[in-house]
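Let us walk through this structure, starting from a single residue and working outward.

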Amino acid sequence: MTKTKAIENCTSCNVRLVEAGFTRFPCPTCGETIARCVKCRKQAIRYICPNCGYEGP
Ligand SMILES: [Zn+2]
Ligand SMILES: [Zn+2]
C-alpha cells in the first residue's frame with residue numbers, strides 16, 4: 001500500500017476536512033497543495049503555505 005500525500009486538514013485552522021465544501025488548490029509560488037475549510041473560505045482567513053511560507057488571502 002502506497003502512502004500518498006493527501007492533505008486532510010485545513011491549512012489555516014487545521015480542522016479536519018470532513019465536511020463538504022472545502023477546497024484544495026496549489027500554492028501560487030511553489031505548487032504545494034493547500035487546503036482550506038468552508039469557514040476559512042467564508043471568513044477569508046489567510047493561509048500560509050507549509051512549504052514556502054507564502055501568505056495569501
Ligand atoms: Zn479552516
Ligand atoms: Zn508554497
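Is cysteine 27 buried or exposed? In this predicted model, cysteine 27 is buried, because its relative accessible area is 5% and the cut-off for buried is under 20%.

Cysteine 27 has a metal to hold. Cys27 (SG), Cys30 (SG), Cys49 (SG) and Cys52 (SG) coordinate the zinc ion (ligand 2) at 2.3 Å. The angles among these four donor atoms run from 106 to 117 degrees, and the site is tetrahedral. Along the sequence, the donor residues of the zinc ion (ligand 2) follow C-x2-C-x18-C-x2-C. Where do the donors cysteine 27 and cysteine 52 sit? Cysteine 27 is in the loop between strand E1 (23–26) and strand E2 (33–36). Cysteine 52 is in the loop between strand E3 (47–48) and strand E4 (55–56). The pair therefore ties together parts that are 25 residues apart in sequence. Cysteine 52 is partly exposed, at 39% relative accessibility.

Now the other zinc site. The zinc ion (ligand 1) takes its protein donors from Cys10 (SG), Cys13 (SG), Cys37 (SG) and Cys40 (SG), which lie 2.2 to 2.3 Å from the ion. Why is the arrangement around the zinc ion (ligand 1) tetrahedral? Because the four donor atoms subtend angles of 107 to 115 degrees, and tetrahedral requires all angles to lie between 85 and 135 degrees. The spacing of these donors along the chain is C-x2-C-x23-C-x2-C.

Accessibility is worth a look here too. Cysteine 10 is buried, with a relative accessible area of 2%. Cysteine 13 is partly exposed, with a relative accessible area of 35%.

Definitions and conventions
Residues are numbered from 1 along each chain as its sequence is written. Chains are lettered from A and ligands numbered from 1 in the order in which they are written. This is a predicted model: local features need pLDDT of at least 70, side-chain atom pairs count only at pLDDT 80 or more; totals for chains, interfaces and linings use all residues. Side-chain values use heavy atoms; hydrogens and water are left out. Donors are N, O and S atoms within 2.8 Å of the metal (3.2 Å for Na, K and Ca); water is not among the atoms, so sites may look incomplete. Four donors count as tetrahedral if all angles lie between 85 and 135 degrees; four count as square planar and six as octahedral if opposite donors are over 155 degrees apart and all others between 65 and 115; anything else is irregular. Buried means under 20% relative accessible area, exposed over 50%, partly exposed in between (1.4 Å probe, protein chains only). Helices (H or I, at least four residues) and strands (E, at least two) are DSSP runs, numbered from the N terminus.
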